[in-house]
Every structure is written in structure tokens, then in C-alpha cells.
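The following note sets out points for a colleague who is examining this model. Each point may be checked against the coordinates.

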Amino acid sequence: MSDSPPQETPFTRHTDIRVPIICGPMYPCSNPELVAAASEAGGIGIIQPVAMTFVHGHDFREGIRLIKRLTDRPIGMNALIEKSSRKYHDRMVEWVSIALDEGVRFFITSLGNPRWVVERVKAYDGIVYHDVTERKWALKGLDGGVDGLIAVNNRAGGHAGALSHLQLLDELGDLGVPLICAGGIGNEQQFAEAISQGYAGCQLGTRFIATEECNAAMPYKQAILDADERDIVLSNRITGVPVSIIKTPYIEKIGTKAGAFARWMMKGNRTKHWMRMFYTLRSAFQLRQSSLDEKGETEFWQAGKSVAGIHQIEPVAAIIGRYEAILRGGINNEATARKSV
Ligand SMILES: Cc1cc2nc3c(=O)[nH]c(=O)nc-3n(C[C@H](O)[C@H](O)[C@H](O)COP(=O)(O)O)c2cc1C
């Protein structure tokens, strides 16, 4: 593959990468080898610090150094900036400092006011993109000084938005910063389409779980291959806000709605924070366990509607190579045709 970018976008210029693809941060699935493989293949891998430390057992700085031994290409970090706990915030501040110290220059902020991250990152001439699901949050992010927006749509894995990728283009297209399409990209045709519609890049999560470099257990990967988009449901029992998961017998048994007590707690201003803290801690343990359980006993797996385009477990480079090729002038691989729409 040539070293020249198949198609330059404001995002590839911001990040100095060849292919406008982000391997999105994923708790619990972002192991260092996956992050490195995405960057090495020409996209950019994003470190999810809680996954790196709590799930995959690396000291944060050592984990970054491991990635840097596997690739010398740019990598990014996800700063989850919700201030529900002082201790968690202090830890995030420390992680951002370590990442900057280790040469990370691209950051994706999620869930809160990105200003403090922007201030630190700009001191190193770095770039910050902010996750948004609607215009209101985009304006807040831009007020905080971010350089680009990750437009999380209603097909995304993890915390899904409410709008389609085209509605988000309409809502955010006039804001004058690069937009990344996050959600629903499961094959190279969908990727090429999003770029031709005006997105500066795409962020993929689910696609990269079904790869050789992802450490997720085989039953999780197989469930992604087996699912079509009707098997993806939203649950607010996980973090208190809708999260996309695969409807397995286990999920059918426990249901997808928060219980009456949790709903009542989520209504109060103060109790809402306690409830979210409880949810976050509980789901952190559950998701870690289910993602690593090779017996597949707890079928509790996050994934987005992009499962429809995912048919095999592949090396990351094969996926990014195909996506790059289509931008360079087109392939039409029948194996990537959608399973169902
Ligand atoms: C298992 C899983 C975990 C995720 N965890 C995070 C996370 O910790 N932080 C974040 O900003 N986004 C998270 N996401 C969202 C992804 O980074 C990405 O935006 C999303 O997966 C795109 O949709 P797709 O799965 O259809 O490709 C997660 C997604 C998945 C599937």
C-alpha cells in the first residue's frame, strides 16, 4: 500500500495518519495490542485508560510504552471527563499528563466539559476531539476549545445517540470543524459512503472487536459474527443511560429497563450521582468478566448495529487495508455485503 493518504481530510491532517479511521476507545475491549495494530495499519488506535489498567492489567505508562514498541505511528487517548467522583477525576488528570509525557497528541473527550483537557493538550500542540450526540453538546465542546467532533449516532456500540448519521451531519455540518462518523460502520462501502457524504473520518468500535488482535473472549467475537442488527438492543440497566448490547438469553432474562428504585434515584439531582457511580462500578466488573470469559457463561456483550456487516474475525491490517483500498478507487467485495438491514 502506498504511503500517501488515499484521501486527505482535515482529520488526517490533524492526526498525521493515512486512513481516516479511528479504532474507537472501548471499555473493556481496548487492549494495547489492538490500539497498536490500528495505528500501525494506517488508522489511529485510541487508549481507553480504565480498560488498559483495570481489564488488561497494565500500569498506564508501561501500557503506552508497550504500544510504542509495537508501532511508531500516532496513537490517541480517551479522556472520560465526567466529574462524578473526585478520585476518578484526579486519576484522569494524571493519566492525561502521563499520556502527554509519553508523546500522545490526540485526545477524545467524552461526557463532560472538555476545557481542562484542551488547556493541557494545547500546551503540547495536541488535538482534542469531543464525543457528541446532539448540537447542544457540540456547542459546549466547541466553547471548551475542541478541534473536532465525534458524532455518535443511533447505530453506535457503547452509548448510542438518538440521531442518524445524516441527521447529525445536518445538525453539526455548519460548525466549521471536522466531523467523525461514529456508529454503524461495519464494512468498507459504508465507510466510503460516510466520507463521500462529508465526514472527515469514521470511528469504529464493534468491527475491531472481531479481530485477531482484540483480547475479547471467543464467545463474544462469535456473538458479533452471529448477530444481525435486530439482535442489538438498548439497555439502561448498565450505566443508567442507553447502551447498545447484544440481545442474548441472559439479557432477555434480566431485561433492559432499569428497576423502579434505580429510576427513582436517577430523578434526584444528588441521588443521580450515587446511582451512576453504583452503575459504573457494577458494570465495570460485569463487563470485564464477560468480555474475558472464554466459557461465555455471562452473555453480556456490548456491540452496535454494525454487526450486520461483520462476517469474520480478521487481522486489523486486513480490515483497514480494505477500507483504504476503497478510498483509493474501489473494490467491491461480496463477502462484505450486509447480512440484513
Ligand atoms: C464494547 C464497546 C465499548 C465502548 N466503550 C467506549 C468507551 O469506553 N469510551 C468511549 O468514548 N466510547 C466507547 N465506545 C464507543 C466506540 O468508541 C465507538 O464510538 C462506537 O463503537 C462506534 O460504533 P460501532 O460499534 O457501530 O462501530 C464503546 C463501544 C463498544 C462497542
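1. Ligand shell, by class. The residues around the ligand divide into 10 nonpolar, 14 polar and 3 charged. The shell comprises 27 residues, and the closest to the ligand are Gly24, Gly157, Gly158, Gly205 and Gly304. Strand S9 (201-204) and helix H10 (206-209) are each the source of at least two residues of this shell. Please bear in mind throughout that the model is predicted.

2. Barrel. Eight strands would be the place to begin a description of the fold: a closed barrel of 8 strands follows the order S1-S2-S3-S4-S5-S6-S8-S9, and the pairing is parallel. From one strand to the next, the twist averages 25 degrees. Strand S8 (residues 179-182) and S9 run parallel and are joined by 3 bridges. Within this pair, cysteine 181 has cysteine 202 in S9 as its bridge partner. S9 therefore deserves attention on two counts, as a member of the barrel and as a contributor to the ligand shell.

3. Domain division. The protein chain is assigned to domain 1 (10-215 + 310-336) and domain 2 (218-292). Their C-alpha centres are 22 Å apart. Contact between the two involves 20 residues of domain 1 and 16 residues of domain 2.

4. Domain 1 side of the contact. Helix H3 (49-55), strand S7 (158-159) and H10 each provide at least two residues of the side of domain 1 that touches domain 2. The largest share of that side, 3 residues, belongs to H3. By class, this side of domain 1 holds 12 nonpolar and 8 polar residues, with no charged residues. H10 thus appears in two settings, the ligand shell and the side of domain 1 that touches domain 2.

5. Open sheet. A further sheet, open and of 3 strands, has the order S7-S11-S10 with antiparallel pairing. Why do S7 and strand S10 (232-235) each have one side without a neighbour in the sheet? Both stand at the edges and each has a single partner strand, so one side of each is left unaccompanied in the sheet. S7 and strand S11 (residues 243-246) run antiparallel and are joined by 2 bridges. Histidine 159 has valine 243 in S11 as its bridge partner.

6. Helix packing. The axes of helix H2 (residues 32-40) and helix H4 (residues 60-70) come within 9 Å and cross at roughly 35 degrees. The crossing of H2 with H4 is right-handed. On the H2 side, Pro32, Glu33, Val35, Ala36 and Glu40 take part, and they meet Gly63, Leu66, Ile67 and Leu70 of H4. The residues of this contact comprise 6 nonpolar, 1 polar and 2 charged.

7. Backbone geometry. Two sites merit inspection. Most residues other than glycine have a negative phi, and most peptide bonds are trans. Tyrosine 27 and proline 28 are joined by a cis peptide bond, with omega about 10 degrees. Proline 28 is placed in the loop between strand S1 (21-23) and H2. Aspartate 16, although not a glycine, has a positive phi of about 60 degrees. Aspartate 16 is in the loop between helix H1 (10-15) and S1.

Key:
Residues are numbered from 1 along each chain as its sequence is written. This is a predicted model: local features need pLDDT of at least 70, side-chain atom pairs count only at pLDDT 80 or more; totals for chains, interfaces and linings use all residues. A residue is near a molecule or strand if its C-beta atom, placed from the backbone, lies within 6 Å of it. Helices (H or I, at least four residues) and strands (E, at least two) are DSSP runs, numbered from the N terminus. Ala, Val, Leu, Ile, Met, Phe, Trp, Tyr, Cys and Pro count as nonpolar, Asp, Glu, Lys and Arg as charged, and the others, Gly among them, as polar. Domain bounds come from an automatic or database domain assignment. Two residues are in contact if their C-beta atoms, placed from the backbone, lie within 7 Å. Two strands pair if DSSP finds at least two bridges between them. Axes are lines fitted to C-alpha atoms, for helices over the stretch in contact, and angles run from 0 to 180 degrees between N-to-C directions. A crossing is left-handed if the near helix is turned anticlockwise from the far one by less than a right angle, and right-handed if clockwise.
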